[in-house]
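Q: Please take one part of this model and look at it closely: a sheet, and what packs against it. Give me one connected account that starts from a pair of strands and works outwards.

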Amino acid sequence: MSDSIIVDVSQDWETACDVQQGFMHFAVPVAEGISYSARCRQLRALGGDCYDFIPLAHNRRAFAIGDASGKSLPAALMIANVQSSLRTAALFAGEYPGAVLGAVNRQLHTSSLADRFATLFYGVYDPSTRLLRYASAGHCCLMVIRRDGSLTWLDGTGFPLGLFTESIYEESTLRLCPGDTVIAYTDGVIEATNPLGVEWGVDGIKKAAVENKARRAEEVVDAIFESLDQYSQGQLTDDATVAVMHIL
């Protein structure tokens, strides 16, 4: 009869959870011309969603949201790779969204399993020109709620990260105005269902966001999750993340 060894990994698991939470729970520095806030609600102790707000030179602010394939530990390991690669790339090319996504993609393709991938949106807002310069690696379309209540969509046209060695990520620009609100989310938000199995969808988050567009970014995030919880009765099937940037 072979001997068996039982290893207690509970401490390691707890440490991994703390490390992941540390990536997203950080002091939010004041940024000129904008207010911003985000929340990530994980289905399990470890999750595959992320967001980040990165200070850049000349008062610019990078704004990112991502979602790794799968759930729990495998997704958490991949999204940690995304987050660390993103912050490194932002140090060298932070003002160029296409270059940042290209660098993160190469890192993930080299270090991840063949069947794993992640989506990521990365934008840079310049308060002096009120221009948002952005690129997307297959992430859910972001919505911009204009001060007059109209909507503009930011499409995610690039390939998800990790699929190909040299993916090209095209950049786009959008001029924002005081009173505009940018809403970013992961698919766990729009794919949440009610007890009848009907998805909340983009119409659900759009309604909640439009009704609260004049409020502070933190209040918009709270309102979206309150509306989501009412619809789904608190029963989610995936990690759910919402990030909001409001132009002052």
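A: **Strands 3 and 4 and their surroundings**

Strand 3 (residues 61–68) pairs with strand 4 (residues 118–126). The sense is antiparallel, and eight bridges hold the pairing. Within it, Gly 66 faces Leu 120 of strand 4. The model is a predicted one.

The pair belongs to an open sheet of five strands. Its order is 2-3-4-5-8, with antiparallel pairing. Strand 2 (49–55) and strand 8 (172–175) form the edges. Each has a single partner strand, so one side of each lacks a neighbour in the sheet. From one strand to the next, the twist averages 20°.

Next comes the helix that packs here. Helix 3 (residues 97–111) lies across strand 4 and strand 5 (131–137). Helix 3 runs at about 25° to strand 5. It has 15 residues and spans 21 Å from first C-alpha to last, close to the 21 Å expected at 1.5 Å a residue.

Which residues of helix 3 are buried? They are Pro 97, Gly 98, Val 100, Leu 101, Gly 102, Val 104, Asn 105 and Leu 108. Their cover includes helix 2 (72–93), strand 4 and strand 5.

Val 104 deserves its own look. Leaving aside neighbours within four places in sequence, Val 104 is in contact with Val 82, Ser 85, Leu 86, Ala 89 and Leu 161. Val 104 also belongs to the largest nonpolar core, which has 25 residues. There, Leu 86, Val 104 and Tyr 122 touch the most other members. Strand 2, strand 3, helix 2, helix 3, strand 4 and strand 5 each supply at least two residues of this core. Helix 2 gives the most, with seven residues. A second core is separate and has 23 residues. Among its members are Tyr 51, Ile 65, Tyr 134 and Met 245.

Another strand pair offers a comparison. Strand 6 (residues 142–145) and strand 7 (residues 151–154) also run antiparallel, joined by four bridges. Met 143 stands opposite Trp 153 of strand 7. Five residues lie between the strands of this hairpin, where Gly 149 takes a positive phi near 95°.

What about disulfides? A search of the whole structure finds zero. Cys 40 is in none; the nearest cysteine sulfur, that of Cys 50, is 8.3 Å away. A disulfide needs the two sulfur atoms within 2.5 Å. Cys 141 is in none either, and the sulfur nearest to it among cysteines, that of Cys 140, is 7.7 Å away. Is Cys 40 buried or exposed? It is buried, at a relative accessible area of 18%. Cys 141 counts as partly exposed, at 28% relative accessibility.

Finally, the whole protein. It has six helices and 10 strands. Of its 248 residues, 50% are buried. Take the contacts between residues at least 6 apart in sequence: 71% of them join residues at least 24 apart. The pairing of strand 3 and strand 4, with residues 61–68 against residues 118–126, is where this account began.

Notes. Residues are numbered from 1 along each chain as its sequence is written. This is a predicted model: local features need pLDDT of at least 70, side-chain atom pairs count only at pLDDT 80 or more; totals for chains, interfaces and linings use all residues. Side-chain values use heavy atoms; hydrogens and water are left out. Buried means under 20% relative accessible area, exposed over 50%, partly exposed in between (1.4 Å probe, protein chains only). Two strands pair if DSSP finds at least two bridges between them. Axes are lines fitted to C-alpha atoms, for helices over the stretch in contact, and angles run from 0 to 180 degrees between N-to-C directions. Contact means heavy atoms within 4.5 Å. The expected span of a helix is 1.5 Å times one less than its number of residues. A nonpolar core is a set of buried Ala, Val, Leu, Ile, Met, Phe, Trp, Tyr and Cys residues joined through side-chain atoms within 4.5 Å.
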